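Please open the structure in your viewer and keep the selection panel at hand. The tour goes from one pair of strands outwards and then to the whole chain.

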Amino acid sequence: MQSYQPWCHGTITRSKAEDLLSKAARDGSFLIRASESIQSAYALCVLYQNSVYTYRILPNEDKKLSVQASEGVPIRFFSMLPELVEAYYSPNMGLITHLQYPVQREEEVDEEPESNNLPPQLPPRNFLTNDVKDSDPKSSEQACQSLSDTYLMRLQHMDLSTIPEEHHMAIQEYFRNSICLDAEQVQYGYPNLPGLKKLTMTICRNLNSEISRILPILEVFHRALDQQPSPGIEQSPKQNSSDSGQSVSFRLEQLTKLLYSIEDKAKMSTFESVGNEGGHRKSLIPLVTFEVKQESLAIPTKMYLKVDVESGKLFLKKSKDGPEDKFFVHNKILQLVKSQRMHARLVIVAETEKEKVLRKEFTFNDAKKREGFCQLLQQMKNKHSEKPEPDMITVFVGTWNMGNASPPHSTDSWFQCKGQGKTRDDTADQIPHDFYVIGTQEDPLGEREWADTVKGVLRKITNISFKQVAIHTLWNIRIIILAKPQHENRISHVFSDSVKTGIANTLGNKGAVGVSFMFNGTSFGFVNSHLTSGSEKKLRRNQNYTNILRFLNLGDKKLNPFDITLRFTHLFWLGDLNYRIEFPSTEAENIVTKIKQQQYQELLSKDQLNIEMNDGKVFLHFDEEEITFAPTYRFERDARDKYAYTKAKATGTKYNLPSWCDRVLRKSYPLVHVVCQAYGCTNDIMTSDHSPLFASFEVGVASQFVSKQDPNSAPQGGIQIMNCVAILLTKSKTKFFIEYHSSCLEKTVKTLEGENMEHLDGSIKVWFGNQVELTPIISDPEYLLDQHILICVKSTDCDESYGESCVALRAAQFNYTEFQITLTHHGEKTGTLTGGIQLRTSEGTPTEKLYDFIKVEKDDTVASKGKGCDKFSVTQTHDISNPSYMGMPYKGGKVVDQGWSYSLPQKHLPIAGEGSKDTKKGGYDVGGTRSPTGKPMGEDEKGSEMFDNPLYGVMEKSRGKDQDHRQKDLLAPSDPNISTSRPADGDPDRPPMPTPRNRSFTFSEAKPQPPTSIPLHASAHKKPVVPTRSEGGMAFNRPPLPSKSWQGMPEPHNPRDHRESSELPSKHRPPARPGQPQPQRHAS
């Protein structure tokens, strides 16, 4: 916008504009904001009778502005916004009412500048070019003379004894005469500074000739190290020596890059010569032995389990130095089953030579040893897997506010997840992560220096030369991502960006840097942020988060309607978020006492970030592992036993109470595999007033799928989405439609206009009755079950988003599934969307994922220990589940609202290609909750049940309130007796026609407070659209598969209900099958 105007609110959100106008509470109040859908366009928002009317202001080809008002009013064009606003103060201009009262922009309280966060000070400038242009020649000459005198005076106070006389004279000559000539050149638009260039060439004459002499020698050495000469240095020495026209700085940069390249190649050659192959040591992980106990006739017997990851063997020995004649090879170890009740107990399911299955139960010394053993076995399975591409990787995420101090000599503990909190066992020290993501704040080092430091630490720990994926810096905020060399060709679409949130959002002392990339078929996003400091600046921090969310430009540019929280399969947000604990300063000593006693729960209940997240104000639907470590700020430097919670300032003593400022949060798509294996801080890195924070994640990934089926003969797959009902937290009277985005679709699909209906709480209920058929590019279930559909609800007149969300195709793996998802926009909840999804795939059975190797056993009832038995009966006898699926993290902390829920029908309807599947191979029982890969989770296990974390010292029970909330999220089947479509002109087969609009503006009433609850049975008022046999791809001529009773578990006896299904309540009524007539309900 051209200049500051009180009614000009810039890039505020639509909901914020409604709030401001509601507070004004006077007809004719108005403001102008930037359009969220069209670049360079604006939105004029006017309040009238407690309702907000929104008109678009669009620029034409000549950049003239016009308002889209009521039809029949002549269109007027304006050059500038103030001119337009002045004109619309007059009545009868096509608006609902003429403009009267501008709504003032809310003033943001900027944070105080911190001297240690500011960049180096630039030398003072005695003149400005614009001032010189507008002044007369005499004043310009005086400014130049003043500039010359200033620098000559500085020169007189310097020790010039070490400088050659000719160079001394040359510098004096430049300051006396040439600098004024350069200033004149700049004044007239020529920024080349010929005087400075001449001085530089004079001073660096010998350096220039030395570079010409040295550069060819280094190039020969570089070509000798390089198998294929780099094209950028394929120049003859004669060309380089004769090219004296290049600047010295350019040639120095060329020389520096060449030296760095030589150093890297020499290091690589050295590592390969001592046993590395492509940066990987031949024997990376050493042998590890675990002492365990095994019960025999109720008598515990000591045994030893020796893990050899490199050879892929697990040895079972009765003594530590005993014979190694009894072992299992990696492909014979079928599964590891963790006991939920006994956190040190583990069952190893293995196959014998006679194809019998053994269950061997062992008890480790503690839970951490069990976790270390499981990680080593998982590493063994991954290493010797026959899969060409991984379906699981590990990611290290670390954040550290360095306090503008250089790091200590050793930072090994940080990258090995050693210290306080949930930490890795010593036996897992040698297991390298696939990715290392390191975010720093107040980082005093240069990019190259910091990258070399991190690579050196990882090389020492893992003997791997990690490859740099990306590095991005904003002032002293930096993020660097390193990856194993073997993943280099799997990484693509790397993007990086930054957002400033410092003073007036123009300084980069606070803000965020981010990096995104694709790993095969999975998208990753990482954000490192440093938010506003100060205990009282909570609202400012919230605004920092919103600005970063809106303006950080990462990921697929085709996903413009979605912010970064929905652009990636996995998003990790790390950094010094600066949220504090809300206690009065008088409680400082009591806080320190509680920290020493490790009584963290009371302090965490007052943690600002937890409070804001629970209120839905920031990081909506993000998850954080339970905090079991001391606050990471504010320590005395060079010590970790004392918090420095007072700071003397000119305005008085400032209190910085110990707080968990440094955090790692994550947000992933529904039904994907993510497990946090470590979350804590170090104890031995003390150069800063912050302790480094670490987190380790096991993450499921999808491969770049290549179908083995003939595309000409394979049946075309389909994704059917139906019965969608949106409840939007706005009173806008515009029409809405839905956009479906996904990388598995041939193109973006838009629905027809929905039908707006009144809603009890004043929000809008929109019915999208038409069934939508989406066509995937690949129909193989191995590919489709890893995909997600992004959903965006938009308005038809201004194309602005009113909410976005995501649906997992894995939810519809076996049959039609209903879903409920939360709609969000710019980090705020804007409503809900309910509907149903059905998936039609080609023939094929998805392969088992590597991360399904480790499960959690719900109870400890063991039918047959150590006895040979049928392979199927062992795996199906126990209630086994993976708690990381279905939004159930393996921890005893709080239940996080994931923003989605799915409900499965009570009967199994086979999808195409699975109708004749053997029961033993499938083992499906849709009545129970499942993992994403179809593993049964038990009839009695609830989706909201949490698991206590065996690595924590304090056990917590899941909160009943959150469990009840999760139960309410499950959807009941739709009422089949209410019609889904509105007849038009008496024709029942005719789809609803969109209502023509008489005016091209958006009308919305003043935004009310968000309702405390939104009805979850939105689809109960409409008859579900039942797919035909051909549409559903269902084999209904086959009877449903009988459910198999599990051994050792009696079937519950339910009395038979002899009522017809039409007499049953809707929530007990079995779902209708396609082609089945619906019973008619008669009004009484």
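How many bridges join strand β15 to strand β28, and do the two run parallel or antiparallel? Select residues 392-401 for β15 and residues 693-700 for β28 in this predicted model; eight bridges join these strands, and they run antiparallel. In general, strands of a sheet pair through backbone hydrogen bonds, in either a parallel or an antiparallel way. For one place to look at within this pair, select F396, which stands opposite S696 in β28.

Next, widen the selection to the sheet that holds this pair, an open sheet of seven strands in the order β16-β27-β28-β15-β17-β19-β18, with mixed pairing. Its edge strands are β16, at 420-422, and β18, at 467-474, each of which pairs on one side only. As you go from one strand to the next, the twist averages 10°.

Now add helix α12, residues 447-462, which packs on the sheet and touches β17 (435-441), β18 and β19 (477-483). If you turn the view to compare directions, that of α12 makes about 40° with that of β19.

Finally, show the whole protein chain, where the secondary structure comes to 21 helices and 42 strands. Of its 1084 residues, 53% are buried, and the chain exposes about 51,100 Å², with carbon and sulfur atoms supplying 50% of that area. If you consider the contacts between residues at least 6 apart in sequence, 70% of them join residues at least 24 apart.

Methods. Residues are numbered from 1 along each chain as its sequence is written. This is a predicted model: local features need pLDDT of at least 70, side-chain atom pairs count only at pLDDT 80 or more; totals for chains, interfaces and linings use all residues. Side-chain values use heavy atoms; hydrogens and water are left out. Helices (H or I, at least four residues) and strands (E, at least two) are DSSP runs, numbered from the N terminus. Buried means under 20% relative accessible area, exposed over 50%, partly exposed in between (1.4 Å probe, protein chains only). Contact means heavy atoms within 4.5 Å. Accessible areas come from the Shrake-Rupley method with a 1.4 Å probe; for residues, only the protein chains shown count as cover. Two strands pair if DSSP finds at least two bridges between them. Axes are lines fitted to C-alpha atoms, for helices over the stretch in contact, and angles run from 0 to 180 degrees between N-to-C directions.
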